[in-house]
Amino acid sequence: MLGFLIRRIVQSVFVMLAVALIAFMMFRFMGDPVNSMVAENASTEERDAVRERLGLDQPLYVQYGRFVVRAAQGDFGLSWRNARPVSTLLAERFPATAELVLVAAGLSLLLGIPLGILTALRPRSLSTQTLQFISLVGISLPTFVTGILLILVFSVWLGWLPSFGRGTVIDIGWWSTGFLTVSGLKALILPSVMLCLFQLTLIMRLVRAEMMEVLRTDYIKFARARGLSDRSIHFRHALKNTLIPVITIFGLQLGGLIAFAIITETVFQWPGMGALFIQAVSFGDVPVMAAYLVLVSLIFVVINTTVDLLYAVLDPRLRVEGTRAAH
C-alpha cells in the first residue's frame with residue numbers, strides 16, 4: 001500500500017509540473033509583460049531595469065524553476081490589471097465559489113439519489129417517464145440557456161429572487177459568507193440550481209441504471225426467496241451496492257463543478273474565481289490566468305488521487321495490478 005501511495009503522489013507531482021509548464025508558457029506567448037508595466041514613452045534603460053527586476057533576463061529554465069518554487073508557496077506575483085497580489089485576489093474570491101459549489105453539490109446528491117431510486121423502482125410509471133423527459137431536456141440544454149430561463153422566470157416575471165450578485169455577506173475572519181443573511185441565501189438559489197442541474201441529471205440516471213442492474217442480481221433474488229420485505233431489499237441490500245460507483249463518479253465530478261462554475265458566475269455576475277478568470281482573460285491578465293489554471297488543476301489532481309487511494313483501500317486487486325505494472 002505504501003508503494004502504491006508513493007507512485008500516485010509521484011505521478012501527481014509530474015502532472016502538476018506539466019500544468020505549471022503550460023501556465024508558465026502563457027507568460028511567453030501572451031506578449032511582453034514589460035510593455036504592460038511601463039509607460040509607452042519609457043526608455044530602453046527603464047524597460048531593461050523592469051525586466052531585470054522581474055527576472056525576465058534570466059535563462060528560460062531558471063525562470064521556470066523560480067515560477068514553480070513560488071507557485072508551490074502560493075506566490076503568483078502581481079495582477080497586471082489590479083496591481084495586487086494574485087494570491088490575495090484568489091483568497092477574496094474563493095469563498096464565493098466554494099459556497100456555490102458546496103450548495104450545488106449538496107442539491108445534486110439530495111435530489112439526484114431519491115429521484116434515481118424512484119425511477120428505478122417504478123420504471124413504467126407516469127412520474128418516471130416525466131422525470132426521464134425532464135432530465136433529457138435538462139442535460140441537453142446549454143447551461144447558459146438554463147440560467148437565462150431561470151432569470152427570466154424567477155427574477156423578471158415573478159420577482160422572487162435576485163438575478164445577479166451575492167447579496168449581503170458577513171465576514172468571519174478572512175471568509176465572507178452569504179449563508180448567514182436572507183439576501184445572501186436568496187442570491188445563492190438560482191446560481192446553485194443552474195450549476196447543479198447537469199450533475200443532478202447525471203446522478204439520477206446513474207443511480208437508476210445501477211439500481212436496476214443490482215435488482216437483477218442473484219443475491220437480490222435470493223433475498224426475495226428468503227421472504228425479506230421490499231423495503232429491506234431495496235434500501236438495505238440494493239441501495240448500498242448502488243451507491244459505491246455513484247459516490248466515485250460524484251467525487252470525480254466535484255472538480256468539474258468548480259471548472260463549470262465559470263459559466264454560472266458569468267451569467268449571474270457571481271463574484272467568484274470564475275468571474276475573476278473571465279475578467280483576466282478580457283484584460284490579458286496572465287498571472288491571474290496562470291494561477292487559476294494551476295489552482296483548478298491542483299483540485300482535480302487531489303480529488304483524483306484521493307479517489308484512486310480509496311479504490312485501492314476498497315479493492316486490493318488494484319494494488320496488486322499496480323505492483324505488477326510497475327515491474
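What follows is a short conversation about reading the overall features of this predicted model.

Biologist: Glad to have some help with this one. How many helices and strands does the protein have?

Modeller: The protein has 13 helices, alongside 2 strands. Its C-alpha atoms fill a box of roughly 90 × 65 × 35 Å along the principal axes.

Biologist: What share of the residues is buried?

Modeller: Of the 327 residues, 37% are buried, where buried means under 20% relative accessible area. As for the surface, the protein exposes about 18500 Å², and 67% of that area is supplied by carbon and sulfur atoms.

Biologist: What do the contacts say about residues at least 24 apart in sequence?

Modeller: Take the contacts between residues at least 6 apart in sequence: 70% of them join residues at least 24 apart.

Biologist: And the charges? How far apart are the mean positions of the positive and negative ones?

Modeller: There are 27 positive and 20 negative charges, and their mean positions lie 16 Å apart.

Biologist: Now for the inside. How many cavities of 30 Å³ or more does the structure hold?

Modeller: Here is the general idea: rolling a probe the size of a water molecule over the atoms reveals where empty space is left. In this structure there is 1 cavity of 30 Å³ or more, and the largest cavity has a volume of about 40 Å³.

Biologist: Which residues line the largest cavity?

Modeller: Look for Arg81, Asn82, Leu276, Gln279, Ala280, Asp285 and Val288. Helix α11, residues 273-283, gives the largest share of that lining, with 3 residues.

Key: Residues are numbered from 1 along each chain as its sequence is written. This is a predicted model: local features need pLDDT of at least 70, side-chain atom pairs count only at pLDDT 80 or more; totals for chains, interfaces and linings use all residues. Side-chain values use heavy atoms; hydrogens and water are left out. Helices (H or I, at least four residues) and strands (E, at least two) are DSSP runs, numbered from the N terminus. Buried means under 20% relative accessible area, exposed over 50%, partly exposed in between (1.4 Å probe, protein chains only). Contact means heavy atoms within 4.5 Å. Accessible areas come from the Shrake-Rupley method with a 1.4 Å probe; for residues, only the protein chains shown count as cover. Lys and Arg count as positive and Asp and Glu as negative; His and the chain ends are not counted. The place of a charge is taken as NZ of Lys, CZ of Arg, CG of Asp or CD of Glu. On a 1 Å grid over the protein atoms alone, a cavity is a set of points where a 1.4 Å probe fits but cannot get out, and a pocket is an open set with protein on both sides within 12 Å along at least five of seven lines; lining residues have an atom within 4 Å of a point. Grid points are joined across faces, edges and corners, and a volume is the space filled by probe spheres set on the points.
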